[in-house]
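Okay, everyone, thanks for coming. Let me put the structure up and we'll walk through a few spots in it.

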Amino acid sequence: MTRENVNRVALIGAGSVGSSYAFAMLNQAIAEEFVIIDLNEDKAMGDAMDLNHGKVFAPNPTKTWYGTYADCKDADIVCICAGANQKPGETRLDLVKKNLAIFQSIVDDVMASGFDGIFLVATNPVDILTYATWKFSGLPQNRVIGSGTILDSGRFRYLLGEYFDVTPQNVHANIIGEHGDTELPVWSHATIGGVPVMEWVERDPRYHKKDLEEIFLNVRDAAYQIIEKKGATYYGIAMGLARITKAILNNENSILTVSAPLAGEYGLEDVYIGVPAVVNRAGIRNVVELNLNETEQNQLHHSAGVLKEILGEHFKAATRP
């Protein structure tokens, strides 16, 4: 997948999320080569020019250009940020029909280039579109990854850190399930400094369980709040995508909450859904199966059921006969 140890990442979709991802990638010098592909060639060209003008201020110069699907042939990762955006009042699942059709065309063009790397999917509904990318591409499941609940988990850690007045890096907590309205917090495994969050609440009268529920609701509904205020979310997810990209290219074996394929884990199969997984140069090495309590297990199965119902309704019509 590599050419003389040069890492190439191809971005498809130079909208707000894609451009923010490009900015994060160059500022962190995660790859040696970065190509921007968009139907609007002027936008892709303008982004490449703008980013190149700041190259002298980056940790290392990343070769950056606007390109075509042919440039995906030698890419290690193709990150898809293209598609219809979520509008005020829409859920992520409302975007299914529009974006399935767009994705079939994109994935066909990428695979026609001879691409043999890893797909990283950010477009919503991300769990559905990651599954579709796997089906459309014919690649092994471990080489198709969705951003999943990486941002939800980041929001969760941030808000818990704010509440308990500790840095979010010392908060270990996951949001799993659909990246959307049926996601759930895994309170049974949430810890701060190795101490379960529920013990923090029990030990200190300043903290209350009802506040924890409010924190989760703010995590779940964060996108709606941001979209209402500024029209779209893009900085947080772009930083999450950069983190996944770094874990892949550096062969980190890092555990990240991504949209991963389940094959019996958590009693589920034939679905991509947000769960902790070990991410390395091969893509998803394995899913980390948490020992969920009964309530969490039921919530995860409900979340997966919603996704599988959507796939059943829409996916057959979008695939080849």
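I'll go through one strand and its neighbours, and then two single residues.

Quick reminder before we start: what you're looking at is a predicted model.

So, let's begin with strand β2, residues 33–37. How many of its residues are buried? 5 of 5, so by the under-20% cut-off for relative accessible area this strand is mostly covered. And which residues point which way? Glu-33, Val-35 and Ile-37 go one way from β2, while Phe-34 and Ile-36 go the other way, and all of them are buried. That's the pattern you'd look for, because side chains in a regular strand alternate between the two faces of the sheet.

Now, who does β2 pair with? On one hand there's β1, residues 8–12, which is joined to β2 by 5 bridges, and the two run parallel. If you want a pair to click on, try Ile-12, which stands opposite Ile-37 in β2. To get from β1 to β2, the chain passes through helix α1, residues 16–28, and that β-α-β crossover is right-handed.

Then there's β3, residues 63–66, which also runs parallel to β2, with 4 bridges joining them. Here the pair to look at is Ile-36 and its bridge partner in β3, Tyr-66. The route from β2 to β3 goes through helix α2, residues 41–53, and this β-α-β crossover is right-handed too.

Okay, on to the single residues. Ile-192 sits in strand β10, which is residues 191–192. Is Ile-192 buried or exposed? Its relative accessible area is 2%, so it counts as buried. Leaving out anything up to four places away in sequence, Ile-192 touches Phe-164, Val-166, Asn-170, Val-171, Val-197 and Trp-200. If you're after a distance to check your viewer with, take Ile-192 to Ile-244: they're 52 residues apart in sequence, and 23 Å apart in space, C-alpha to C-alpha.

Last one: Ser-259, in strand β12, residues 254–263. Its relative accessible area is 0%, so Ser-259 is buried. What does its side chain make a polar contact with? The side chain of Asp-127, at 2.8 Å. Asp-127 is also on the list of residues that Ser-259 touches, again not counting those up to four places away in sequence. Others on that list include Thr-130, Ile-145, Tyr-272, Ile-273 and Ile-284, along with Gly-146, Ser-147 and Gly-148.

That's my tour, so over to you for questions.

Technical notes
Residues numbered from 1 in each chain as written. Predicted model: local features only at pLDDT ≥ 70, side-chain atom pairs only at ≥ 80, totals over all residues. Heavy atoms only, no water. Buried < 20%, exposed > 50% of the residue type's maximum accessible area, 1.4 Å probe, protein only. Contact = heavy atoms within 4.5 Å. Pairing = 2+ DSSP bridges. Right-handed = clockwise from strand over helix to strand, strands pointing away. Polar contact = N/O pair within 3.5 Å; in protein donor to acceptor, adjacent residues only side chain to side chain.
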